[in-house]
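Q: Hey, I've got a new structure open and could use a guide. Can we chat through it?

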Amino acid sequence: MGMWASLDAVWEMSAEKRIFGAVLLFSWTVYLWETFLARRQRRIYKTTTHVPLELGQIMDSETFEKSRLYQLDKSTFSFWSGLYSEVEGTLILLFGGIPYLWRLSGRFCGYAGFGPEYEITQSLVFLLLATLFSALTGLPWSLYNTFVIEEKHGFNQQTLGFFMKDAIKKFIVTQCILLPVSALLLYIIKIGGDYFFIYAWLFTLVVSLVLVTIYADYIAPLFDKFTPLPEGKLKQEIEIMAKSIDFPLTKVYVVQGSKRSSHSNAYFYGFFKNKRIVLFDTLLEEYSVLNKDIQEESGMEPCNDGEGDSEEIKAKVKNKKQGCKNEEVLAVLGHELGHWKLGHTVKNIIISQMNSFLCFFLFAVLIGRKELFVAFGFYDSQPTLIGLLIIFQFIFSPYNERIACGNMIEKVYFA
């Protein structure tokens, strides 16, 4: 009888409370499951103290041990930062943080002479305050990750001043993109009529394609210096590899990533017949800023190979050089070009846009349900931006988690 009474009590709860409770329950269920999986992986990091047989031919014991200890520290950091994020999100929901921030943004608008009828203006203020809050609460974790973990394992190359200037610049650039795009999206939803979800989806499609197109040419250079890869054997080999798979390569750039980290990477961008390749300078010994500093200090010429240098300079070069041989650079780049050759890029765009269209369609179906707004503390108003937040982030969370799992499986198969 007690069990049935409890079930009846749950059923008699208002729809708003059931929605709110389901959102919290699912959020914590996903968090606990992911934590369980992470702890299993951490156990592997702790117990696997010798190079596995499969890696014995390509990795020495010292490199393996460094990687293992790095992953252990990263997993510890991920546990505590993930727990903080989950607790923070739960407290925001339980104590009405979202409606409070909406009311606060309304007061700011009121001070500037904008009344409740200026919903889009209030929405932009809300977004600004929300992203500012997120940036400030995430800053200590980012600082710890950069100046403790990455520094401990020899990857960090940033000073505190550079880090803070970079963070402020990123925040400003993000707002310059986020706020105008959000304003236009909200306006389209307002005037779009019964088929607003189609227009909203088309708008986000155009925005995403534009951002992908202009990112490396106009946005990324705000943070890092891009220079053409000089003529030489490596460039010739890259061009030969691209030609072998009919990759329409037009330019090869080197990005100055070594001023932040000694991690290495490579990527390509561009549409149709205008593809560009970008290599991190940490992949390239002779172009790395780390090595240029040593060269300037010692009067060395690039690509000197160390002949005639003092033992002190040789030691510094040995410790600072992070570049790879040409074969290794081509291997990293070949992985990225393989995604293009196998059509993964196009497939991902198509799948993501189909998913986006479905989400906007379901949003159009659910946006009129008042109980969704009441469940999250909005009793007297139903702002469009809040509807987007509630439906896309909370109501769609089971669906989003399923999509995330699908992406993870895809990475396992295609990485």
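What follows is a short chat about the sheet, the aromatic rings, the surface and the salt bridges.

Q: Before we start, what kind of model is this?
A: This one is a predicted model.

Q: Okay, the sheet. How many strands form it, and in which order?
A: Four strands make up an open sheet, in the order β1-β2-β4-β3, and the pairing is mixed.

Q: Which strands stand at the edges?
A: β1 (226-228) and β3 (266-269) do. Each has a single partner strand, so one side of each is left without a neighbour in the sheet.

Q: And the twist, what does it average?
A: The average is 30 degrees from one strand to the next.

Q: How many bridges are there between β1 and β2?
A: Three bridges, in the antiparallel sense, with β2 covering residues 249-255. Take Phe226: Val255 in β2 is its bridge partner.

Q: Switching to aromatics. How many aromatic pairs does the structure hold?
A: The structure holds 23 aromatic pairs. One of them joins Trp201 and Phe357, edge-to-face, at 5.3 Å centre to centre with 80 degrees between the planes.

Q: Where do Trp201 and Phe357 lie?
A: Trp201 is in helix α7 (residues 196-219) and Phe357 in helix α12, so the pair ties together parts that are 156 residues apart in sequence.

Q: Is Trp201 buried or exposed?
A: Trp201 counts as buried, at 18% relative accessibility. Its partner Phe357 has a relative accessible area of 30% and is partly exposed.

Q: Got another pair for me?
A: Sure: Phe247 and Trp340 are edge-to-face too, 5.1 Å centre to centre and 90 degrees between the planes. Phe247 sits in the loop between α8 (233-244) and β2, while Trp340 belongs to helix α11 (residues 326-341), so this pair ties together parts that are 93 residues apart in sequence.

Q: How accessible are Phe247 and Trp340?
A: Phe247 is buried at 5% relative accessibility, and Trp340 is partly exposed at 21%.

Q: Which residues form the aromatic cluster?
A: Trp201 and Phe357 are among them, and so are Phe196, Phe197, Phe360, Phe361, Phe363, Phe392 and Phe396.

Q: What about the surface? Which residues form the nonpolar patch?
A: Phe357 turns up here again, along with Leu358, Phe361, Leu362 and Val365. Together they have about 380 Å² of accessible area. Leu358 is found in helix α12, which runs over residues 344-366, and Leu358 is partly exposed with a relative accessible area of 34%.

Q: Now charges. How many salt bridges does the structure hold?
A: Eight salt bridges. In one of them Arg68 meets Glu65, with the closest N and O atoms 2.9 Å apart.

Q: How are Arg68 and Glu65 placed in helix α3?
A: They are three residues apart in helix α3 (residues 61-94), so about one helical turn separates them. Arg68 is buried at 12% relative accessibility, whereas Glu65 is partly exposed at 27%.

Q: What does Lys152 form with Asp73?
A: A salt bridge, with the closest N and O atoms 2.9 Å apart. Lys152 lies in helix α5 (residues 119-152) and Asp73 in helix α3, so the pair ties together parts that are 79 residues apart in sequence.

Q: Is Lys152 buried or exposed?
A: Lys152 is exposed, at 60% relative accessibility. Asp73 is partly exposed, with a relative accessible area of 21%.

Q: One last salt bridge. Which side chain does Glu371 meet?
A: Arg369, at 2.6 Å from N to O. Arg369 is partly exposed, with a relative accessible area of 43%.

Terms used
Residues are numbered from 1 along each chain as its sequence is written. This is a predicted model: local features need pLDDT of at least 70, side-chain atom pairs count only at pLDDT 80 or more; totals for chains, interfaces and linings use all residues. Side-chain values use heavy atoms; hydrogens and water are left out. Two strands pair if DSSP finds at least two bridges between them. Helices (H or I, at least four residues) and strands (E, at least two) are DSSP runs, numbered from the N terminus. Axes are lines fitted to C-alpha atoms, for helices over the stretch in contact, and angles run from 0 to 180 degrees between N-to-C directions. Patches are made of residues with over 30% relative accessible area and no salt bridge: like charges are joined within 9 Å, nonpolar side chains (Val, Leu, Ile, Met, Phe, Trp, Tyr) within 5 Å. Accessible areas come from the Shrake-Rupley method with a 1.4 Å probe; for residues, only the protein chains shown count as cover. A salt bridge is a side-chain nitrogen of Lys or Arg within 4 Å of a carboxyl oxygen of Asp or Glu. Buried means under 20% relative accessible area, exposed over 50%, partly exposed in between (1.4 Å probe, protein chains only). Rings of Phe, Tyr and Trp (its six-membered ring) pair if their centres lie within 6.5 Å; planes under 30 degrees apart count as stacked, over 60 as edge-to-face and the rest as tilted.
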